[in-house]
Amino acid sequence: MEWNPKVKLVNLVHHWRGYVVFAAVVFVSIIDAICAGLRQTSARRIGLLGTNGTLQAGTLAAGLTAAGLTVVFPAEDDQERLHEAIYHPRWGLKAISRVTEQAHEALDAVLTSVASHRRVDAFLLGCTELSFGIEKRTHRGVPIFDALNL
């Protein structure tokens with residue numbers, strides 16, 4: 001899957017939704033779509049994966065919580081590893097136009113750690129960068145949902 005800057009903008013604009021006035025534009029919420037998709041599953045403890053900025057903004061987590069889902073964040077060291085897999089200047093997902101072995105190993109280690117230590121029902125790939133970094137649909141029996149496909 002290719003990185004699409006328009007998708008990133010749509011994801012990011014949710015943080016500013018209350019401050020932005022769209023004249024003749026209908027606001028389609030990716031967060032509402034994600035929540036609706038996840039509510040159709042049996043998953044209730046959602047391992048939210050994303051960049052530091054996405055998690056710190058809290059917009060996606062707030063939407064999931066409002067939908068009755070429990071948001072589970074990676075442990076601090078796992079979040080650092082995940083963030084590095086995205087932004088590392090030599091091998092991160094944003095630096096290279098392919099998934100490097102280092103990025104793959106880092107992402108796999110985060111999935112393994114969160115699945116075993118945080119006891120999640122499902123993972124949510126909450127950043128567009130992860131959509132092409134994690135292509136499998138399950139990890140050790142835990143479903144992986146891509147925010148772009150819900």
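Here is a walk through the strands of this predicted model and how they pair. Local features are described where pLDDT is at least 70, side-chain atom pairs count only at pLDDT 80 or more, and totals for chains, interfaces and linings use all residues. Residues are numbered from 1 along each chain as its sequence is written, and side-chain values use heavy atoms, with hydrogens and water left out.

Let's start with strand β1, residues 45-49. Strands here are DSSP runs of E with at least two residues, numbered from the N terminus. Four of the five residues in β1 are buried (under 20% relative accessible area, with a 1.4 Å probe and protein chains only), so the rest of the structure largely encloses β1. Two strands count as paired if DSSP finds at least two bridges between them. β1 runs parallel to strand β2 (residues 70-72), joined by three bridges, and R45 has T70 as its bridge partner in β2. β1 also runs parallel to β3, this time with four bridges; there, G47 sits opposite F123.

From β3 (residues 122-125) we can step across to β5, since these two pair in the parallel sense over three bridges. L124 finds its bridge partner in F145 of β5.

So what surrounds strand β5, residues 142-146? Four of its five residues are buried, so β5 is largely enclosed by the rest of the structure. Its pairing with strand β4 (residues 138-139) is antiparallel, over two bridges, with T138 standing opposite P143 in β5. β4 and β5 make a hairpin with two residues between them, and R140 in that turn has a positive phi of about 50 degrees.

How values were computed
Buried means under 20% relative accessible area, exposed over 50%, partly exposed in between (1.4 Å probe, protein chains only).
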